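Visitor: I have a model open and would like to learn how to read its helices. Where shall we begin?

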Amino acid sequence: MAFRTVILSKDSKISLRMKHLVVKNENLVRIPIHEISTVIIENPNILMSGHILNALTESKVLVILCDKYHLPSTIIEPIYGHHRQSKNIKKQIKWTMDKADFLWKRIIEEKIRNQSKVLNYYVPEYDLDSFKKYSKSVELGDISNREGHAAKVYFRQLFGDDFIRHYDDIENVCLNYGYALISSAISRSIKSKGYLTEVGIKHMS
């Protein structure tokens with residue numbers, strides 16, 4: 001079972017031997033490929049061959065390349081993710097707006113419920129009644145923007161009243177990094193089922 005996330009942050013030479021990923025720098029580390037779920041390449045001075053990248057994608061390992069700011073910028077994944085890919089794409093393109101709005105409603109409801117769980121863990125003194133109301137009042141397509149209202153309260157409870165999302169500070173940098181990793185993992189899952197990430201139900205690409 002894949003459970004390891006391998007972060008390559010030092011100048012290293014990567015090779016493949018006996019179904020193991022071998023990382024060589026001042027140390028030598030061997031990791032069974034079947035145990036790896038994600039490889040994050042933070043350092044541009046990593047030496048590896050196309051053969052290794054092919055082996056990783058064949059083993060369904062998510063490979064993420066980072067930019068000069070160490071933020072994930074590219075993911076490497078198989079072109080053909082599912083044997084029924086063309087059939088699934090045709091169905092996906094034909095989804096109605098009603099179906100997209102319903103799915104978006106379900107996603108936002110779940111997102112708000114998960115935010116309340118995080119607040120309950122980190123800010124146990126906070127009254128979660130408002131989040132219960134938010135999750136129960138999400139409309140089709142979230143036309144009343146319950147997502148935005150809940151997010152504003154959520155972030156300020158976690159980081160303080162002065163926190164503003166997308167500012168250039170350490171909290172936002174860390175959030176962006178985490179979001180990029182999660183987004184990459186979700187993208188891989190969608191592609192593995194034979195669907196297009198470029199055709200979203202709300203956000204495009």
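Guide: Begin with packing. This is a predicted model. The buried residues of α5 pack against three partners: α3 (97-122), α4 (129-136) and α6 (170-192).

Visitor: Which residues of α5 are buried?

Guide: Buried means under 20% relative accessible area. In α5 that holds for R146, E147, A150, A151, Y154 and F155. They sit on the same side of α5, because their arc around the axis is only 140 degrees.

Visitor: What span does α5 reach, from first C-alpha to last?

Guide: Compare the reach with the expected rise per residue. Helix α5 runs over residues 146-159, 14 residues in total. Its end-to-end C-alpha reach is 20 Å, close to the 20 Å expected at 1.5 Å a residue.

Visitor: What phi does G160 take, just after α5?

Guide: A positive one, at about 105 degrees.

Visitor: Now a helix pair. At roughly what angle do the axes of α3 and α4 cross?

Guide: Take the angle between N-to-C directions, on a scale from 0 to 180 degrees. For α3 and α4 the crossing is roughly 170 degrees, and the axes come within 8 Å. That makes α3 roughly antiparallel to α4, because angles over 145 degrees count as such.

Visitor: Which residues of α3 and α4 meet?

Guide: From α3 come E109, I112, R113, Q115, S116 and L119. From α4 come F131, Y134 and S135. Sorted by class, this contact of α3 with α4 has four nonpolar, three polar and two charged residues.

Visitor: On to the loops. Where does E139 lie?

Guide: In the loop between α4 and α5.

Visitor: Why does E139 count as partly exposed?

Guide: Partly exposed is the class between under 20% and over 50%. E139 has 37% relative accessibility, so it counts as partly exposed.

Visitor: Which residues is E139 in contact with, leaving aside its neighbours within four places in sequence?

Guide: K105 and S144. For a distance across the model, take E139 and M18: they are 121 residues apart in sequence and 53 Å apart in space, C-alpha to C-alpha.

Visitor: One more loop residue. Is K94 buried or exposed?

Guide: Apply the accessibility cut-offs again. K94 has 68% relative accessibility, so it counts as exposed. K94 lies in the loop between α2 (85-93) and α3.

Visitor: How many residues apart in sequence are K94 and Y69?

Guide: They are 25 residues apart in sequence. In space, K94 and Y69 are 39 Å apart, C-alpha to C-alpha.

How values were computed. Residues are numbered from 1 along each chain as its sequence is written. This is a predicted model: local features need pLDDT of at least 70, side-chain atom pairs count only at pLDDT 80 or more; totals for chains, interfaces and linings use all residues. Side-chain values use heavy atoms; hydrogens and water are left out. Helices (H or I, at least four residues) and strands (E, at least two) are DSSP runs, numbered from the N terminus. The expected span of a helix is 1.5 Å times one less than its number of residues. Buried means under 20% relative accessible area, exposed over 50%, partly exposed in between (1.4 Å probe, protein chains only). The arc is that of the directions from the helix axis to the C-beta atoms. Contact means heavy atoms within 4.5 Å. Angles under 35 degrees count as roughly parallel, over 145 as roughly antiparallel, 65 to 115 as roughly perpendicular and the rest as oblique. Ala, Val, Leu, Ile, Met, Phe, Trp, Tyr, Cys and Pro count as nonpolar, Asp, Glu, Lys and Arg as charged, and the others, Gly among them, as polar.
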